[in-house]
Amino acid sequence: MNTQKQALKLKFGLIAFGFIFLAGCDYKSSYDPARLKEASQPQISYIIDSDALSYLNDYRRGSGLFALKFNENLSLASKNHAEYSVAHNHMGHDESSGLAKFTGSTPNERAKTAGYSSMHVLENIAYKSDFITSIDGLFSAIYHRFAFLNLSVNEVGFDAARGDKFSAYVFLMGNSGLNNFCKRGVSDNGSGKFYTNACANKDIKVKDSRLEGFLKSTKQHVKFPDKVPVMPYFSGEIPDPFPECKITANPVSIEFNESLKDIKFVNFEIYKGEEKLRNLKILDQKSDINRKFSSHQFAAFSREVFSFNTDYTAVFSYTEEGESKQIKWNFKTKTLKYPYFEASDGYVLSVKPDMIYEIFFRPKDCNDLLTSYSYNSSALLNSEVKQSGTNTLSVKLSGMEGDILTIKTSGGDKVKVRLSASSPKAQKERREHMIKSAFMIFGVMVVFIIIGIKQRR
């Protein structure tokens, strides 16, 4: 009786193992072929961190500004604050005296510690994964954008520190003319109005006309985006300029020279082709809840994220000293770094093996932010999945043609990623798996036959 039970167990084990074997060798999940999507190709090339200054200056030149020159003292100050930030898991422009790596409470104090002679210093910080995404993020963050496009700066230093919890990328901007004057250490003399707080050495006096000559610009206004394509979305800035939404289109902005008098806002419009975008939020000095906008700064946020690789038109209407005027310009959005999809619930995405793809989950509304995700696949499909940006996942699959990865997002979207071909490595591994499984099944069958023969005796 016991022998019969053992034989029965072996029989069921053999059947179960056969199912596992079949599942491992030929796993195919069902999908709707009509929902199958092919990837769009990127329109930008990969840029390394060493080109960060060129990348930053491309944006400035695109808005009609001079390129920033590199300054080593500002770079050292940036490095110091980045290391302080990572050492204390600190996010912000301040430092606390007494803590390790403290070099100054404020950006201009830290610049002074690093040997910079001027107190006219602006600081931007991003907590990203590299310099390029940091610059993209800072230009999409409206307050930080205005610092990068400031008309009074002409030099920059930057550096980074990387830690387990986060990395800090710090940029400090200054004015070389004022810095060189302060470095000389000789005060202006004569009559008139003087400033004593423009240099790190408070004993140095700067005549008002000289200071104005260093910091003023003949540029009448600065538009962004302008000649250089930008990412289509914005999400997250401290402080938050638009807290009612977690993700919006990249804001469109214009800033006028402070020398222009009596600038009054009339209207701000954005067009996609002939279609006027309706769901806009306009920020100016009156509507900015953080009180950071000047009377000469204006921005339009679309609650609907822009499309990739698409042309748009901005129209800003205003009055200057009572005279009606209008500024109209075109700009374009760029693509993701790798072949990419704009995915929605139910899509099936066709990918080639051993290649990186990016999946952007277009938000259903301005609060549909990707905060978490899960995925599953057949046991023999090798998958690399990680969040690579706002509402964006990167995937890389290695397996057999027809293998499917299923992804579910916090926003309720469910998409399938299907291999359109087999990877050579997976084919080799699958053959080895089949051979091993066949030998194992053959061994079990032999044991089962032997037990059956013994039972008949």
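The following questions and replies go through a predicted model of one protein chain.

Me: What makes up the protein chain, in helices and strands?
Reply: The protein chain has nine helices and 25 strands. Of its 457 residues, 46% are buried. About 23,000 Å² is exposed, and carbon and sulfur atoms supply 51% of that.

Me: How do you know how confident the predictor is in the protein chain?
Reply: The average pLDDT of the protein chain is 91, and 89% of the residues score at least 70. Over residues 14–27, pLDDT stays under 50. The model has 22 contacts beyond four places in sequence for residues 14–27. Where pLDDT is low, the predicted coordinates should not be read in detail.

Me: Why is Asp-413 called buried?
Reply: The relative accessibility of Asp-413 is 5%. Buried means under 20%, so Asp-413 counts as buried.

Me: Where does Asp-413 lie, and what is it in contact with?
Reply: Asp-413 is in the loop between strand E24 (404–409) and strand E25 (414–419). Leaving aside neighbours within four places in sequence, Asp-413 is in contact with Ser-344, Asp-345, Phe-361, Lys-364, Ile-407 and Lys-408.

Me: What makes the approach of the Asp-413 side chain to the backbone nitrogen of Asp-345 a polar contact?
Reply: The side chain of Asp-413 reaches the backbone nitrogen of Asp-345 at 3.4 Å. The cut-off for a pair of N or O atoms is within 3.5 Å, and 3.4 Å meets it.

Me: How do you know that the buried residues of H7 line one face of the helix?
Reply: In helix H7 (residues 176–184), the buried residues are Leu-178, Asn-179, Phe-181 and Cys-182. Seen down the axis of H7, they fall within an arc of 160°, so they line one face of the helix. An α-helix has 3.6 residues a turn, so residues three or four places apart point the same way. The face of H7 turned away from the buried side carries Lys-183 and Arg-184, which are exposed.

Me: What do the buried residues of H7 pack against?
Reply: They pack against strand E4 (155–162), strand E7 (206–207) and helix H8 (208–215).

Me: What is found at the start of H7, and what follows the helix?
Reply: At the start of H7, a side-chain oxygen of Asn-175 comes to within 3.1 Å of the backbone nitrogen of Gly-177. H7 is followed by Gly-185, with a positive phi near 80°.

Me: Why is Asp-188 called buried?
Reply: Asp-188 has a relative accessibility of 9%. Set against the limit of under 20%, this value makes Asp-188 buried. Asp-188 lies in the loop between H7 and strand E6 (194–195). The side chain of Asp-188 makes a polar contact with the side chain of Arg-210 at 2.8 Å. Not counting residues up to four places away in sequence, Asp-188 touches several residues, including Phe-181, Phe-194 and Lys-205.

Me: How do you know that the span of H3 is close to what is expected?
Reply: Helix H3 (residues 72–87) has 16 residues and reaches 22 Å from its first C-alpha to its last. At 1.5 Å a residue, 22 Å is expected.

Me: What makes Asn-71 a cap of H3?
Reply: A side-chain oxygen of Asn-71 lies 2.9 Å from the backbone nitrogen of Asn-73, at the N-terminal end of H3. Buried residues of H3 include Leu-74, Ala-77, His-81 and Tyr-84. The elements packed against the buried residues of H3 include helix H4 (107–113) and strand E5 (167–174).

Me: Why is Asn-89 called partly exposed, whereas Glu-321 is called exposed?
Reply: Asn-89 has a relative accessibility of 41%. Partly exposed lies between under 20% and over 50%, so Asn-89 counts as partly exposed. Glu-321 has a relative accessible area of 58%, and over 50% is exposed. Asn-89 has a positive phi of about 50° although it is not a glycine. Glu-321, not a glycine either, has a positive phi of about 55°.

Me: Which peptide bonds ending at Pro-225 and Pro-239 are cis?
Reply: The bond from Phe-224 to Pro-225 is cis, with omega near -5°. The bond from Ile-238 to Pro-239 is cis, with omega near -5°. Pro-225 is in the loop between strand E8 (221–224) and strand E9 (233–234), and Pro-239 is in the loop between E9 and strand E10 (248–249).

How values were computed: Residues numbered from 1 in each chain as written. Heavy atoms only, no water. Helix = DSSP H or I, 4+ residues; strand = E, 2+ residues; numbered from the N terminus. Buried < 20%, exposed > 50% of the residue type's maximum accessible area, 1.4 Å probe, protein only. Contact = heavy atoms within 4.5 Å. Polar contact = N/O pair within 3.5 Å; in protein donor to acceptor, adjacent residues only side chain to side chain. Arc of directions from axis to C-beta. Areas by Shrake-Rupley, 256 points an atom, 1.4 Å probe, with all protein chains shown as cover. Expected span 1.5 Å × (residues − 1). pLDDT = per-residue confidence, 0-100.
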